[in-house]
Amino acid sequence: MMSNSRMSSGRDEFEATHSFEQVKQMAVDKGISTVGSKREIINRIFRHEQEAARQAVLFPPKPPKPRNIEVEATYHVSDAVKKQTGFDWHEVKGIFVGGCVKRGVGSSFRAKAHAHCWTDDPYFGWICVRSAKRLGEVQGQEITKPSQLLWHEYAHILTPDHYHDDAWRRTMKVLGLPITEQYQKKKRPPPRTYRLACQSCGHTWTGTYSNTCPKCGKHMIVMTPWKS
Ligand SMILES: [Zn+2]
Ligand SMILES: [Zn+2]
Ligand SMILES: [Zn+2]
């Protein structure tokens, strides 16, 4: 027995100052078995702590890395493109490949790409692309011929706080980009028709909004919505 050892006196003191319930709870918190007597559990806790201390000396924890943008995953549009197209892409902080810049390489998202085009986003100005295959022509980390997808996302960056709306479509036009079917303005529903009646001549008809009677030319029209 080690009842006279320093280690044992530490355990004696611990046993004296902690209830069985406290000891068991401590074991549970540390993921240690609670089987056996109070002393047996205490022995287990002490062994666990000694091992943890030994590991900490052998393998000191690395200081947490500051959250930095993964450099290998970040692409830029080449100066040649900027010169050729007249759009200098300076509004784009970076083109992040293989995940979302917010969550790092390997993070997933649904579309092939997205732009951080909301000004309250700390990553405002970034474009994220799932796969490098979607970038267009690439040399190293430089994009020498951006894909249509990338231009689409660039239009988002140039139109902060808008999505696929008229403002974004105007930017697409300025960039000389075609707007594919799915991003075209949705056709308006057919204009509402009314049952119209002229209170002057009594003529009635069905049609869109009007304030003039087609028969007598007076402006005494009564309209009721016409449900078809
Ligand atoms: Zn992103
Ligand atoms: Zn879009
Ligand atoms: Zn009339």
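In which sense do strand β1 and strand β2 pair, and over how many bridges?

**Entry 1: strands.** I worked from a predicted model. I looked up β1 (residues 74–77) and β2 (residues 94–97) and found an antiparallel pairing over 2 bridges. For T74, I recorded F96 in β2 as the bridge partner. I then followed β2 to strand β6 (residues 126–129); these two strands run parallel and are joined by 4 bridges. Here F96 has C128 in β6 as its bridge partner. I therefore noted F96 of β2 as a bridge partner of both T74 and C128.

**Entry 2: helices α2 and α3.** I next examined how helix α2 (residues 20–30) packs with helix α3 (residues 38–58): the angle is about 40°, and the axes lie 10 Å apart. That angle makes α2 oblique to α3, because oblique covers what is neither roughly parallel (under 35 degrees) nor roughly perpendicular (65 to 115) nor roughly antiparallel (over 145). I recorded the crossing of α2 and α3 as left-handed. On the α2 side, I listed F20, V23, K24, M26, A27 and K30 in the contact; on the α3 side, I listed K38, I41, I42, R44, I45 and H48. By class, the residues of this contact comprise 7 nonpolar, 1 polar and 4 charged.

**Entry 3: helix α5.** Which residues of helix α5 (residues 148–157) are buried? I found L150, H152, E153, Y154, A155 and H156. I then checked what these buried residues pack against, and noted the strands β5 (113–115), β6, β7 (136–139) and β8 (142–146), together with helix α6 (166–174). Strand β6 thus appears in two of my entries: joined to β2 by bridges, and packed against by the buried residues of α5.

Note on methods
Residues are numbered from 1 along each chain as its sequence is written. Chains are lettered from A and ligands numbered from 1 in the order in which they are written. This is a predicted model: local features need pLDDT of at least 70, side-chain atom pairs count only at pLDDT 80 or more; totals for chains, interfaces and linings use all residues. Axes are lines fitted to C-alpha atoms, for helices over the stretch in contact, and angles run from 0 to 180 degrees between N-to-C directions. A crossing is left-handed if the near helix is turned anticlockwise from the far one by less than a right angle, and right-handed if clockwise. Two residues are in contact if their C-beta atoms, placed from the backbone, lie within 7 Å. Ala, Val, Leu, Ile, Met, Phe, Trp, Tyr, Cys and Pro count as nonpolar, Asp, Glu, Lys and Arg as charged, and the others, Gly among them, as polar. Two strands pair if DSSP finds at least two bridges between them. A residue is buried if 20 or more other C-beta atoms lie within 10 Å of its own, exposed if 12 or fewer, and partly exposed in between; C-beta atoms are placed from the backbone.
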